[in-house]
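I opened my notebook to go through this structure step by step. Here is what I looked up, in the order I looked it up.

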Amino acid sequence: MSFERACALDEVRPDEGLAVTLGRYEIVVARDGDEVFALENECSHAAVALSEGEVAECQIECWLHGSMFDLRTGKPTNLPATQPVATFGVEVRANPDGTSDVYVDTETTLNGVTPA
C-alpha cells in the first residue's frame, strides 16, 4: 500500500464531498460520522463529479441524475447508475499539533473496480 496525503480532516465537511487529485486520479473524500471514505470522483452513469453532490446516510449523490453511491462499497443504491465506482483505502493520521490528515491509497481499490 502506498498512502498519499489527500487533505486535512477538518477540510472534509460532513454533508459534502471534497475533490482532491492524487496522481492520475480524481478522488472524492467524504465523511459519515467519524468514518472517512475515498471514492472515484466520477459518476459511473455520466461524466459528473460526485464531489458536487450531497453526502447523507453514508451515501454520496450524483447531483445531475440523482443516483446515490454507498461510501463503503461504491455501489449505486438507486437508478440510473448501475455500475459501482472505485473505492480506496483511507487512513486518518494524527499530527503532533492535534490536527489530523487524511491519507488515501490509490494503488489498489478496495472493491476491485478499476478507476476510469
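**Entry 1: an acid and its partner**

Is Asp-70 buried or exposed? I looked it up, and Asp-70 counts as buried, at 12% relative accessibility. A note to self before I go on: this is a predicted model.

Next I checked what Asp-70 pairs with. Asp-70 makes a salt bridge with Arg-72, and the closest N and O atoms are 2.8 Å apart. Arg-72 sits at 48% relative accessibility, which counts as partly exposed. I jotted down the general idea too: side chains of opposite charge can pair when their charged atoms come close.

**Entry 2: the other salt bridges**

How many salt bridges does a search of the whole structure find? I got 5.

One of them joins Asp-101 and Arg-5, with 3.3 Å between the closest N and O atoms. I liked this pair, as it links distant parts of the chain: Asp-101 is in strand β9 (residues 100–109), Arg-5 is in strand β1 (residues 3–8), and they are 96 residues apart. Asp-101 is buried, with a relative accessible area of 10%, whereas Arg-5 is partly exposed at 42%.

Then I found Arg-93 and Glu-91, whose side chains meet in a salt bridge at 2.8 Å, N to O. Arg-93 is partly exposed at 33%, and Glu-91 is partly exposed at 32%.

I also wrote down a network of salt bridges that links Arg-13, Asp-15 and Glu-16.

**Entry 3: hunting for disulfides**

How many disulfides does the count come to? It comes to 0. I wanted to know why, and took Cys-58 to start with. The sulfur of Cys-58 is 17 Å from the closest cysteine sulfur, that of Cys-7, so the two are too far apart for a bond. Cys-58 is buried, with a relative accessible area of 4%.

Cys-62 gave me a smaller gap to think about. The nearest cysteine sulfur to Cys-62 is that of Cys-43, 3.7 Å away, and Cys-62 is in no disulfide. The cut-off I needed here is 2.5 Å between the sulfur atoms. Cys-62 is buried as well, with a relative accessible area of 0%.

**Entry 4: the nonpolar cores**

Which residues touch the most other members of the largest nonpolar core? That core has 16 residues, and the ones I was after are Ala-6, Cys-7, Val-20, Ile-27, Val-29, Val-102 and Val-104. I looked up where the core comes from: β1, β2 (18–22), β3 (25–32), β4 and β9 each supply at least two of its residues. The largest share, 3 residues, comes from β3.

I picked Ile-27 and listed its contacts, leaving out residues up to four places away in sequence. Among them are Leu-18, Val-20, Leu-39, Phe-88 and Thr-106.

There is also a second, separate core of 15 residues, which includes Phe-37, Leu-50, Ile-60 and Phe-69. My general note for this entry: in soluble globular proteins, nonpolar side chains tend to be buried together.

**Entry 5: Asn-41**

Where is Asn-41? I found Asn-41 in the loop between β4 (35–40) and β5 (55–56). Asn-41 is buried, with a relative accessible area of 9%. A polar atom of its side chain lies 3.0 Å from the backbone nitrogen of Leu-50. Not counting residues up to four places away in sequence, Asn-41 touches several others, including Ala-19, Glu-26, Val-28, Val-48 and Ser-51. Ile-27 is also one of the residues that Asn-41 touches.

**Entry 6: backbone oddments**

I went looking for a cis peptide bond and found one joining Leu-79 and Pro-80, with omega about 15 degrees. Pro-80 is in the loop between β7 (68–70) and β8 (87–94).

Then I checked phi. Glu-57 is not a glycine, yet its phi is positive, near 50 degrees. Glu-57 lies in the loop between β5 and β6 (59–61) and is exposed, at 70% relative accessibility. Cys-58 is in the loop between β5 and β6 too, and has a positive phi of about 60 degrees although it is not a glycine.

**Entry 7: what the record says**

Last, I checked UniProt. An unreviewed entry there places the feature "domain: Rieske" at residues 4–99. In the model, the end C-alpha atoms of that span lie 17 Å apart, and the span is 0% helix and 42% strand.

How values were computed. Residues numbered from 1 in each chain as written. Predicted model: local features only at pLDDT ≥ 70, side-chain atom pairs only at ≥ 80, totals over all residues. Heavy atoms only, no water. UniProt positions renumbered as here; feature names shortened; annotations may be inferred. Helix = DSSP H or I, 4+ residues; strand = E, 2+ residues; numbered from the N terminus. Salt bridge = Lys/Arg side-chain N within 4 Å of Asp/Glu carboxyl O. Buried < 20%, exposed > 50% of the residue type's maximum accessible area, 1.4 Å probe, protein only. Polar contact = N/O pair within 3.5 Å; in protein donor to acceptor, adjacent residues only side chain to side chain. Contact = heavy atoms within 4.5 Å. Core = buried A, V, L, I, M, F, W, Y, C linked by side-chain atoms within 4.5 Å.
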